[in-house]
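Q: Can you walk me through this one? I'd like to start with how the strands go together.

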Amino acid sequence: MSEAIANLKSYDPFADTGEESDIQVQGYIHIRVQQRNGRKTLTTVQGLSADLDQKRVLKAFKKEFACNGNVVQDEDLGEVIQLQGDHRLKIQQFLASNGIVPKDKIKIHGF
């Protein structure tokens with residue numbers, strides 16, 4: 001019995017593992033939805049490659065989905081596109097059908 005207790009002391013599950021806690025994108029496009037007031041939502045798109053013109057992509061999104069939006073500069077994530085409304089599936093289909101990103105590199109988060 002004393003061996004089992006001694007064995008538990010050698011492993012601390014809450015010890016710092018030395019891994020960075022910063023958010024890493026790792027080649028995926030993340031599409032998230034955030035709840036605002038009542039029924040209003042905000043869709044964010046992060047992780048698009050740096051060689052893409054974010055403002056042109058935003059302009060295409062706004063025209064295609066009939067919504068408003070902007071590009072926000074984030075310290076950790078770089079440029080993030082924000083759109084009014086819940087357009088997660090539409091954005092995924094738009095990016096995949098236009099050959100910008102393969103469908104398996106897109107992750108949808110929320111609800």
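A: Two strands count as paired if DSSP finds at least two bridges between them. Strands (E, at least two residues) and helices (H or I, at least four) are DSSP runs, numbered from the N terminus. This is a predicted model, where local features need pLDDT of at least 70 and side-chain atom pairs 80 or more, while totals for chains, interfaces and linings use all residues. Residues are numbered from 1 along each chain as its sequence is written, and side-chain values use heavy atoms, without hydrogens and water.

Q: OK, what is the bridge partner of T43 in β4?

A: L83. T43 lies in a strand, β2 (residues 41–46), that runs antiparallel to β4 with four bridges.

Q: And how many bridges between β3 and β4?

A: Six, also antiparallel, with β3 covering residues 69–74. In that pairing G69 is matched with L83 of β4. A hairpin of three residues joins β3 to β4.

Q: Switching topic: how many residues in the largest nonpolar core?

A: There are 16, and I29, L48, F61, I81, L83, I91 and L95 have the most contacts inside it. Such a core is a set of buried Ala, Val, Leu, Ile, Met, Phe, Trp, Tyr and Cys residues joined through side-chain atoms within 4.5 Å. Buried means under 20% relative accessible area, exposed over 50%, partly exposed in between (1.4 Å probe, protein chains only).

Q: Which element gives the most to this core?

A: α2, with four residues.

Q: What is L95 in contact with, leaving aside its neighbours within four places?

A: I29, L48, F61, I100, V101 and I106, contact being heavy atoms within 4.5 Å.
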